[in-house]
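Subject: Handover of a structure and notes on its aromatic contacts

Dear colleague,

Please find below the structure for your review. My notes on the aromatic rings follow it.

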Amino acid sequence: MKYIKNHLMFIFPLMAILLGIEFYLVFDRTTDTYEKGLQEGYSMLVVAKQPMKIDDFQALNRHVSNIDSIERDRIVAKIAKGVTKEGEEKILKSLPYFYNVHLDEYISTEELIKIKEDLESSSLIKKVETFGSNYESNYRLFSFIKFTLKIFIAFMSVVSLFLIMKQMEIWKYAHKERMQIMEIFGAPLMLRSGVLFKIAIVDAIAATLIVSSIFLYLKFQWAVNSGIEIMVQNRDYLFRITDIGILLAAALVIVIISVYSVVYSSKGVQ
């Protein structure tokens with residue numbers, strides 16, 4: 001019972017770190033998709049004196065990915081109702097050219113202002129409307145959520161790491177007799193600590209499998225039966241097979257650092 005308890009005391013803090021990493025991966029994948037949707041749905045309105053091509057816009061700023069020309073005939077048809085044909089032609093000649101300009105990524109408000117300045121520096125462009133207030137609100141919200149999540153995961157990881165190292169010290173004293181005998185026979189420090197590495201690696205694999213199983217259950221069982229539409233639509237983002245490799249690599253790095261720090265914190269087992 002004590003043996004199982006000692007393992008759980010190591011596995012639980014490690015699971016806390018791995019859960020934090022996996023939550024961040026899920027959040028990052030989900031927000032990437034949402035950001036892509038915002039980026040695709042966002043466009044700047046450009047009023048030009050002359051017809052312009054995509055190359056003209058991209059020469060002014062590299063973030064311009066695509067443009068949609070707004071048909072001037074449709075604008076004239078709306079504003080010139082009841083006007084003679086000759087009058088419509090005069091309005092059409094005096095009317096500037098309108099473009100919806102799309103961007104290649106979800107960028108910061110500072111970069112958005114830079115794009116506006118670059119476009120307005122052209123003598124062919126009369127005005128640029130960025131609709132910045134709504135864009136800035138969404139961007140700041142995303143930045144705040146990401147920052148908060150990173151801080152939370154970092155704090156939780158530090159606390160869990162201290163718990164893991166504490167448990168590692170308990171194991172060191174639990175195996176001190178064996179390690180002392182090996183020290184007497186001249187075994188190097190790393191060889192004497194082999195038992196700690198073995199236990200830590202086994203628990204790292206166990207923690208990885210448990211966390212992976214939790215998210216596999218969430219993806220294939222809970223999300224499907226939850227009845228929450230957004231979960232059903234985005235359940236592919238909940239877990240990917242590559243996450244197992246990421247979690248295992250993170251777990252091994254954490255336990256190896258923990259063992260090294262405990263082993264080198266004292267010379268020999270007293």
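Is Phe-23 buried, partly exposed or exposed, and what is its relative accessible area? Please note that the model is a predicted one. In it, Phe-23 has a relative accessible area of 47% and is partly exposed, because the partly exposed class lies between the limits of 20% and 50%.

Aromatic pairs

The structure contains three aromatic pairs. One of them is formed by Phe-23 and Phe-215 in an edge-to-face arrangement, with 5.4 Å centre to centre and 70° between the planes. Phe-23 belongs to helix α1 (residues 2-41) and Phe-215 to helix α9 (residues 194-225), so this pair ties together parts that are 192 residues apart in sequence. Phe-215 is buried, at 2% relative accessibility, whereas Phe-23 is partly exposed.

Phe-57 and Tyr-99 also form an edge-to-face pair, for which the values are 5.5 Å centre to centre and 65° between the planes. Here a helix and a strand are involved: Phe-57 is in helix α2 (residues 54-60) and Tyr-99 is in strand β3 (residues 97-103), so the pair ties together parts that are 42 residues apart in sequence. Phe-57 counts as buried at 0% relative accessibility, and Tyr-99 counts as buried at 4%.

Aromatic cluster

Which residues form one aromatic cluster? The cluster consists of Phe-23, Phe-215 and Phe-239. The edge-to-face pair of Phe-23 and Phe-215 is therefore found again within this cluster.

Yours sincerely

Note on methods. Residues numbered from 1 in each chain as written. Predicted model: local features only at pLDDT ≥ 70, side-chain atom pairs only at ≥ 80, totals over all residues. Heavy atoms only, no water. Phe/Tyr/Trp six-rings, centres within 6.5 Å; stacked < 30°, edge-to-face > 60°. Helix = DSSP H or I, 4+ residues; strand = E, 2+ residues; numbered from the N terminus. Buried < 20%, exposed > 50% of the residue type's maximum accessible area, 1.4 Å probe, protein only.
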